[in-house]
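Welcome to a short set of exercises on reading a protein structure. Take a moment with the sequence and the 3D view, then work through each task before you look at its solution.

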Amino acid sequence: SGLSQEAGSVEQLSLHCAEGSLEWLYPTGALRLRLAPRLPPTSAAVKGGSPPHVTACIKPTGTFRGAQLYLEREGMLELLLPEAPRPRARCFSWLPQEKVALFLQATPHPDISRRIAAFRYELRGDWLARPALPAASLSAEGACRPCNDTEILMAICTSDFVIRGSIRSVSNDAELQESIIGVSATRIHRQKFPLFQAGGRPGRPVGSIRTPLRCGAKPGPGTFLFTGWLHFGEAWLSCAPRYRDFQRIYEGAQRTRQNPCEFPVD
């Protein structure tokens, strides 16, 4: 609470958890949030590979008021969230040796009405596959490009969800610049959380997967293998080959012993 802060003071905090939330009541002065996630070692740093990036995503609540959020990188400030922002996620990445922090600065107001600057955050190492995140985030370039065979094989091993199914509907949210793909699942190979639950035809779990609006997702016939990542509790699409194409790719990798993990193929 800003009521416990001295006017003009800057409170220092460190964010170590992989994800969480922050709520600042009656913002006064500023908060400086050091980003220091506890990350496992990644294969990218081994054998002379490029050093792994660290990624952070910030999503304000719909009632974010009373402050502005800046990214502080090597002493320079970049505005991430103005006061009363849209409830969209902003993502950025940095190398482990770079010094980064979030600077949450209270905005002056003539009255003392209740304001809350609150947001959720995710901190993680480099995604192994390309995450298709919202338009104002990292990895915007190439997010709509179809996955190649290697990316598809990695996606089935490392994704938060792997769902075989068909497209029921596609709806677009112009304000959030997102497309929501309604999916009817014929088989749930993996899901870290119950994203797909009963609700469609008997025995057919249904759920929704998001992708950037600019990717132009459209409904179409056939069976797909949907893979992707959880992003603030929502499913985001990574790779979605037609199932028969995936079978061909996987069986070819099996013959040459190139498949990175075992996967049940009908």
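## Exercise 1: The disulfide in the strands

Cys57 and Cys91 are joined by a disulfide, with an S to S distance of 2.1 Å. Keep in mind that this is a predicted model.

**Task.** Find where Cys57 and Cys91 sit in the chain, and decide whether they are buried or exposed.

**Solution.**
- Step 1. Begin with the elements: Cys57 belongs to strand 4 and Cys91 to strand 7.
- Step 2. Look at the separation along the chain: the two are 34 residues apart, and the pair links distant parts of the chain.
- Step 3. Check the burial: both Cys57 and Cys91 are buried.
- Step 4. Add the handedness: the link of Cys57 and Cys91 is right-handed, with 110° about the S-S bond.

## Exercise 2: The other disulfides

**Task.** How many disulfides does a search of the whole structure find? Describe those beyond the pair in Exercise 1.

**Solution.**
- Step 1. The search of the whole structure gives three disulfides.
- Step 2. One of them is formed by Cys147 and Cys239, with sulfur atoms 2.0 Å apart. Cys147 is in the loop between strand 9 and helix 1 (149–158), while Cys239 is in the loop between strand 15 (234–237) and helix 2 (243–255), so this disulfide ties together parts 92 residues apart in sequence.
- Step 3. Its torsion about the S-S bond is about -90°, so the disulfide of Cys147 and Cys239 is left-handed.
- Step 4. Now use the cut-off: buried means under 20% relative accessible area. Cys147 has 16% relative accessibility, so it counts as buried. Cys239 has a relative accessible area of 1%, so it is buried.
- Step 5. Another disulfide joins Cys157 to Cys261, S to S 2.0 Å. Cys157 is in helix 1 and Cys261 in the segment after helix 2, 104 residues apart.
- Step 6. The disulfide of Cys157 and Cys261 is left-handed because the torsion about its S-S bond is about -90°.
- Step 7. Partly exposed lies between the 20% and 50% limits. Cys157 has a relative accessible area of 23%, so it is partly exposed. Cys261, with 21%, is therefore partly exposed.

## Exercise 3: The nonpolar core

**Task.** Which residues touch the most other members of the largest nonpolar core, and what does Phe119 touch?

**Solution.**
- Step 1. The largest nonpolar core has 25 residues, and Leu35, Phe92, Leu102, Leu104 and Phe119 touch the most other members.
- Step 2. Next, ask which elements build this core. Those giving two or more residues include strand 2 (19–25), strand 3 (30–35), strand 8 (100–106) and strand 9 (116–125).
- Step 3. Turn to Phe119: leaving out residues up to four places away in sequence, its contacts include Leu22, Leu33, Ile58, Phe64, Leu69, Leu102 and Leu104.
- Step 4. As background, nonpolar side chains tend to be buried together in soluble globular proteins.

## Exercise 4: A pocket

**Task.** What lines the second largest pocket, and how do the lining residues divide by class?

**Solution.**
- Step 1. The space in the second largest pocket is about 520 Å³.
- Step 2. Its lining has 24 residues, and Cys144, Pro146, Leu237, Cys239 and Ala240 lie nearest the centre.
- Step 3. By class, the lining of this pocket holds 17 nonpolar, four polar and three charged residues.
- Step 4. Link back to Exercise 2: Cys239, one of the residues nearest the pocket's centre, is also the disulfide partner of Cys147.

How values were computed
Residues are numbered from 1 along each chain as its sequence is written. This is a predicted model: local features need pLDDT of at least 70, side-chain atom pairs count only at pLDDT 80 or more; totals for chains, interfaces and linings use all residues. Side-chain values use heavy atoms; hydrogens and water are left out. On a 1 Å grid over the protein atoms alone, a cavity is a set of points where a 1.4 Å probe fits but cannot get out, and a pocket is an open set with protein on both sides within 12 Å along at least five of seven lines; lining residues have an atom within 4 Å of a point. Grid points are joined across faces, edges and corners, and a volume is the space filled by probe spheres set on the points. Ala, Val, Leu, Ile, Met, Phe, Trp, Tyr, Cys and Pro count as nonpolar, Asp, Glu, Lys and Arg as charged, and the others, Gly among them, as polar. A nonpolar core is a set of buried Ala, Val, Leu, Ile, Met, Phe, Trp, Tyr and Cys residues joined through side-chain atoms within 4.5 Å. Buried means under 20% relative accessible area, exposed over 50%, partly exposed in between (1.4 Å probe, protein chains only). Helices (H or I, at least four residues) and strands (E, at least two) are DSSP runs, numbered from the N terminus. Contact means heavy atoms within 4.5 Å. A disulfide is a pair of cysteine sulfur atoms within 2.5 Å.
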